[in-house]
Amino acid sequence: MKITQIDLFNRNLPYQGETYSLSGGRDYTEFQAVIVRMLSDDGFIGWGESTPFGGTYIAAHARGAVAGIEELAPALLGQDPRCHERVCDVMEQTLLGHNHARAPLDIACWDLAAQHYQVPVCTLLGGSTRQRMPIISSIYSGKPDNMRERVAKHRAMGYRGHSIKIGADEADGGVALDAERIIACLADRKPGEYFLADANGGLTPDSVMRLLALLPKQTDIVLEAPCKTWHETKQVRQHCWLPILLDELIQYDDDLITTIEQRLADGIGLKISKAGGLTPARRQRDICRAAGLSMSVQDTVGSSIAFAGIVHLAQTVPGRLLRCVLDTRDMVSGHVAELDAPLENGGVMAPNTPGLGLRVDLAKLGEPAFTWTL
Ligand SMILES: [Mg+2]
């Protein structure tokens with residue numbers, strides 16, 4: 001089996017809400033998707049997506065993903081898409097780093113391989129747990145009552161996890177406002193719900209300490225990505241009575257090993273494009289499992305193509321370690337593909353069809369910006 005053609009498509013994905021606000025004054029209204037189509041000599045079509053969260057979330061941006069794929073795609077022509085580790089070796093030998101450029105190519109290989117074997121991608125990744133997986137909302141930062149309303153709206157839609165964005169500037173209310181946001185969002189909590197307070201690296205160690213002092217001691221929430229650097233995170237970990245989940249800081253395997261070695265977190269945000277595709281994300285899943293770290297399986301953002309990778313990987317994580325799955329489909333409009341993975345009975349399941357299970361609407365996708373052929 002050989003890769004014979006790779007196409008790259010660009011696509012705008014407008015945010016479904018008004019403006020998505022994160023700590024540090026970062027606002028987003030749309031995202032640039034980079035979508036890859038990969039053809040094999042046995043007639044299958046594989047898909048993959050990388051949609052960076054703007055250029056200020058991690059060191060990744062859409063034009064960088066395109067430039068990286070321009071380097072990587074020619075080297076993958078003629079490779080066997082079933083040999084995932086070898087495909088990663090070729091990418092490593094062609095371009096160091098640039099995980100967000102590697103990811104859609106790696107994901108498309110999994111889609112091709114699974115169609116070749118006529119099984120769902122989750123079967124190749126280790127097998128489905130057959131458990132319905134809880135979905136997590138992404139509640140951008142705003143006024144406490146408004147955030148509480150958005151939690152309620154997502155609860156009504158069947159979401160059982162909620163990620164509350166915090167990290168207010170001092171001038172806007174600082175940690176006092178963040179504490180109000182958390183308390184408001186937890187006010188109507190239902191049994192079985194899971195809450196994260198995600199600062200996206202926007203707090204300093206002293207502001208975390210001040211925030212903790214403002215929260216009632218029985219607050220049941222996990223603090224996500226409190227600080228921007230490893231050093232700051234170590235400082236926080238020494239004093240923090242809440243569990244910590246790390247996200248932006250963990251991209252490469254080495255970051256995860258450091259986290260475990262130094263006992264810096266109790267869980268991670270496992271984002272597929274941040275890890276460089278399903279092959280490294282599978283490895284990080286296994287490292288987390290061995291270390292007993294819980295996982296929130298996600299991607300930075302993306303369309304239903306990105307969600308397909310998320311839902312198949314998450315479907316292989318044992319239930320006791322799987323906190324939540326991020327449904328990127330609800331964050332953006334402008335989808336070009338259908339995926340049979342509805343939110344029902346409080347969760348989702350990966351489709352049971354060969355490959356990722358995507359039905360891409362080529363008319364909506366338009367013409368490729370680049371094509372490489374064998
Ligand atoms: Mg996060």
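**Close-up views of a predicted model**

**View 1. Spacing of the magnesium donors along the chain.** In sequence, the residues that donate to the magnesium ion follow the pattern D-x25-E-x22-D. Aspartate 198 sits in strand S8 (residues 194–198) and glutamate 224 in strand S9 (residues 222–224), so this pair ties together parts 26 residues apart in sequence. Here we are looking at a predicted model, in which Asp198 (OD), Glu224 (OE) and Asp247 (OD) coordinate the ion at 2.0 to 2.4 Å. Aspartate 198 and glutamate 224 are both buried.

**View 2. The barrel around S8 and S9.** Eight strands form a closed barrel with parallel pairing, in the order S6-S7-S8-S9-S10-S11-S12-S13. From one strand to the next, the twist averages 30°. Zoom in on S9 and you will find two bridges joining it to strand S10 (residues 244–246), the two running parallel. Opposite glutamate 224 stands leucine 245 of S10.

**View 3. A salt bridge between helices H2 and H11.** Arginine 282 and glutamate 85 form a salt bridge, with their closest N and O atoms 3.0 Å apart. The pair links distant parts of the chain, 197 residues apart: arginine 282 belongs to helix H11 (residues 278–291) and glutamate 85 to helix H2 (residues 84–94). Glutamate 85 is partly exposed, at 30% relative accessible area. A network of salt bridges links Glu85, Asp253, Arg282 and Arg283.

**View 4. A salt bridge between aspartate 80 and arginine 82.** The two side chains meet at 2.8 Å, N to O. Aspartate 80 is buried, with 19% relative accessible area, while arginine 82 counts as partly exposed at 27%. The structure holds 18 salt bridges.

Methods
Residues numbered from 1 in each chain as written. Predicted model: local features only at pLDDT ≥ 70, side-chain atom pairs only at ≥ 80, totals over all residues. Heavy atoms only, no water. Donors = N, O, S within 2.8 Å, 3.2 Å for Na, K, Ca; no water. Helix = DSSP H or I, 4+ residues; strand = E, 2+ residues; numbered from the N terminus. Buried < 20%, exposed > 50% of the residue type's maximum accessible area, 1.4 Å probe, protein only. Pairing = 2+ DSSP bridges. Axes fitted to C-alpha atoms, helices over the stretch in contact; angles between N-to-C directions. Salt bridge = Lys/Arg side-chain N within 4 Å of Asp/Glu carboxyl O.
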